[in-house]
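Okay, thanks for making time, everyone. I'd like to walk you through two pieces of this one, a helix and then some strands. Have a look at it first.

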Amino acid sequence: MADTDQVMEPSIDNPFISSPALHPRPTLQNVVSTVNFGCTLDLKAIVRHARNTEYNPKRFAAAMMRIREPKTTALIFSSGKIVCTGAKTEKQSLTAARKYARIIQKLGFDITFNDFKIQNIVASCDVGCPLSLVRMSTFHGEFLVYEPELFPGLIYRMKKPKVAILVFPSGKIVIAGAQKTDEIFEAFKNIYPVLMSFRKTK
Amino acid sequence: MVYCNNCSRNVTGERVYDGPLCCTFCGKVLEEYNFASEPQFVKDSAGLSKLSGNFVKSVQDISDSRRRTLDKAFDDMRCMKDALSIDDYSDDVVETARRFYEIALERNFTRGRRSELVQAACLYLACRQKKKPFLLIDFSSYLNINVYELGSVYLQLCYVLYLAETRDLQKLIDPSIFIHKFTNVLIPEGNDEVVKTARDILASMKRDWMQTGRKPSGLCGAALYISALSHGLKCSKSDIIRIVHICEATLTKRLVEFENTDSGSLTIEELTEKEKELRTSSLTKKRPNTGSKEASIHEVLCKHMEKKPFAYGLCEECYEEFMKVSGGLDGGSDPPAFQRAEKERIAKLSIEENAKSVSGSPFASGSEKPENIGVSEGATNQAAMDERDNDKLPGVDGSDDESDNFSDIDDFEVDGYLHNEEEKHYKKIIWEEMNREYLEEQAAKEAAAAAAKEASMANYDKCPEDLQAAQELAAAAAEVVAKSRKERQQKRAAEAKKAGPAQTAAEATRRMLDRKRLSSKINYDALEKLFDEPVAPEKPKKQRNESHSDEKEEKVSKMGKEEGDLVDKYDDDNDEEGDEGGTFDNNLDFENEVYDYEDDYEYDGF
């Protein structure tokens with residue numbers, strides 16, 4: 001019911017997002033899903049008949065199709081399997097996948113919409129205060145990797161729900177690897193107090 | 001430990017030159033056995049000489065090839081160490097690295113990875129442990145591989161060696177260790193002052209949180225640059241870049257960031273003074289002010305399990321180290337990354353506020369997203385779509401009913417994505433033009449395949465007989481090769497069952513001989529003659545575990561072993577044995593010898 005694309009609760013009397021009293025919410029950035037159309041597809045025919053498709057067999061074995069609404073890209077393989085990326089919510093991903101199915105159907109292939117599965121959901125969030133990666137790495141060494149030589153952020157792998165969280169010193173974090181939106185929020189709920197305890201004290 | 005009467009105590013005896021065992025204190029001879037360490041030979045029952053003793057698995061328990069692998073790895077690591085001049089005086093680092101490599105070998109970490117990558121990762125890990133100032137980039141430039149590739153191998157190695165779980169808390173690199181090394185490269189002599197100032201600058205950078213998320217080399221480069229310039233030494237940015245492995249843009253950025261901090265405006269003397277003060281004040285070892293949450297931490301998070309937590313959940317030693325490496329957690333300015341982000345946030349906020357005040361109430365109450373003001377159309381479309389989706393929310397199962405007709409999807413829109421006839425035509429031309437090489441390759445491949453097939457077909461038509469003969473041969477060969485013993489046995493059993501009981505005694509014996517594979521030793525004429533005689537006498541009682549075997553079979557088999565002439569003699573023997581058991585044993589051995597041709601004595605099918 002609640003729209004998950006928001007950054008914060010709608011309210012006029014707290015304009016300062018960076019105030020720590022307010023509990024920010026993660027924004028979904030990308031949802032990746034796969035679906036099986038159940039029949040072999042002729043990619044050459046598809047690229048010839050569809051406007052929004054590109055197919056370069058020497059570079060990659062799949063055709064790339066894009067639609068405007070929801071703004072997504074699909075990789076179409078000749079086996080009949082599709083990867084749909086770029087949607088902002090799970091529902092949008094489903095709609096987009098079905099749109100692709102309809103397009104392919106109109107091109108004359110006999111398809112069925114099988115095994116639609118969300119593979120990955122990525123969200124970002126801003127906790128609003130600088131975080132000490134050094135301190136975090138001293139504490140929770142089991143779950144995290146912090147190699148400043150390799151990557152400026154700290155990678156925290158949460159076991160339950162199984163997600164990876166990238167933490168940056170600016171206070172922004174990225175949560176990725178979830179299969180459901182609830183997992184994202186659960187992960188954020190788990191990590192928020194941890195992050196808060198590691199913020200830079202003034 | 002042996003007991004010595006003289007000393008009236010247990011002593012560890014001493015054995016000199018493999019001679020008698022003597023007491024270590026008084027020298028009394030305790031045991032007089034002499035040991036010889038040369039190989040001894042004994043004669044076994046048949047009279048052959050054999051080496052005495054047993055073969056025992058060696059204590060080391062490493063196979064030859066593994067030892068070779070380890071030695072090769074050790075040599076390679078030593079070469080690497082020399083090339084990077086890690087440690088000129090001792091093999092310490094390489095020893096540690098070698099031990100890591102051994103563990104990695106045992107855990108099959110080297111499979112599927114280039115051995116030099118694994119060696120470099122082990123060596124890098126050893127350097128980290130010993131706090132040697134070497135970067136991953138140094139190793140990757142020596143090996144000419146992507147630093148991120150080496151980095152991923154290194155991380156996987158840490159995981160395999162359980163470094164995370166043993167709370168070893170891979171110490172973060174302290175950038176200060178690099179200062180000495182880099183300064184030596186830049187200014188070979190008389191660089192103490194520069195080193196000191198650079199250290200101070202670095203310490204203040206750490207306090208100002210410039211360090212988090214940054215490569216240590218960048219900070220070192222900036223600190224060194226400032227310090228060198230402030231001491232009047234002429235060094236350009238390109239010198240620093242060459243030594244420190246960063247690019248000019250990064251160096252400039254670090255310098256700008258440092259300028260923005262408080263310490264950036266101080267002069268060198270002021271900076272040095274300030275640092276000295278801080279160093280002396282920290283010697284009082286004041287406990288930092290931590291929040292109430294942390295008071296509940298009773299055990300330490302570092303590996304020193306037996307010590308009490310001093311601060312931040314670390315024991316005192318680790319706390320000191322932590323402060324040195326990271327510059328502490330209190331005070332200082334915000335990290336530059338945060339400063340940038342904060343600016344963005346404020347900018348965004350001001351835009352929103354402006355937009356809000358302009359658009360007024362209707363939008364704020366209707367659409368919940370102030371960001372969509374610029375894309376109002378998209379917002380309404382999306383809201384409508386979301387509603388539709390909401391109605392069909394139950395998930396994929398619910399929508400399976402419509403999955404095949406997709407009636408909920410806007411046909412008009414879908415049609416918009418498809419070409420009309422003219423476009424199709426042109427698109428075809430364009431695509432084929434663009435991918436011409438690929439199409440040509442495909443055509444060539446297909447042509448080659450077709451030609452090959454045709455050739456084989458043509459061959460087949462030309463010489464059917466030869467081909468058939470060849471096929472038969474192949475089939476026969478395949479048959480022989482593919483058959484295992486079991487298959488053969490099963491086949492035999494099947495055939496025997498199929499054939500039914502033997503019609504004559506002669507046939508029965510022949511079958512048995514076929515099975516026992518004695519056929520080459522049989523005189524078939526004698527066999528025929530045998531069955532013309534009257535029935536043979538009672539056979540002796542059998543020791544073997546057969547339920548049904550013909551007496552004649554037995555006789556014939558014995559005959560089969562030797563010449564046919566011995567039959568009569570044997571009959572006599574058998575007659576006698578019926579009464580006595582004396583000579584039976586010899587007979588028995590003979591029986592067993594005969595039937596030793598096959599391992600299993602199954603008489604299946606008979």
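One definition before we start: the expected span of a helix is 1.5 Å times one less than its number of residues. And keep in mind that what you're looking at is a predicted model.

So, chain B, helix α5, residues 147-160. How far apart are its end C-alpha atoms? Well, α5(B) has 14 residues, so at 1.5 Å a residue it should span 20 Å, and the ends are indeed 20 Å apart, which agrees.

Now, which residues of α5(B) are buried? Going along the helix, we have B:Val147, B:Leu150, B:Gly151, B:Val153, B:Tyr154, B:Leu157, B:Cys158 and B:Val160. Those buried residues pack against three other helices of chain B: α2 (92-106), α3 (115-129) and α4 (136-143). Then, just after α5(B), you get B:Tyr162 with a positive phi of about 55°.

Okay, over to chain A and strand β9, residues 163-167. This strand is mostly covered, with 4 of its 5 residues buried.

What does β9(A) pair with? On one hand there's β8(A), residues 154-158, antiparallel over 5 bridges. A:Ile155 has A:Leu166 of β9(A) as its bridge partner. The two strands make a hairpin, with 4 residues in between.

β9(A) also pairs with β10(A), residues 172-178, again in the antiparallel sense, over 4 bridges. Here A:Ile165 is bridged to A:Ile175 in β10(A). That's a hairpin too, with 4 residues between the strands, and A:Gly171 in the turn has a positive phi of about 100°.

That's my bit, thanks!

Definitions and conventions:
Residues numbered from 1 in each chain as written. Chains lettered and ligands numbered in written order. Predicted model: local features only at pLDDT ≥ 70, side-chain atom pairs only at ≥ 80, totals over all residues. Heavy atoms only, no water. Buried < 20%, exposed > 50% of the residue type's maximum accessible area, 1.4 Å probe, protein only. Contact = heavy atoms within 4.5 Å. Pairing = 2+ DSSP bridges.
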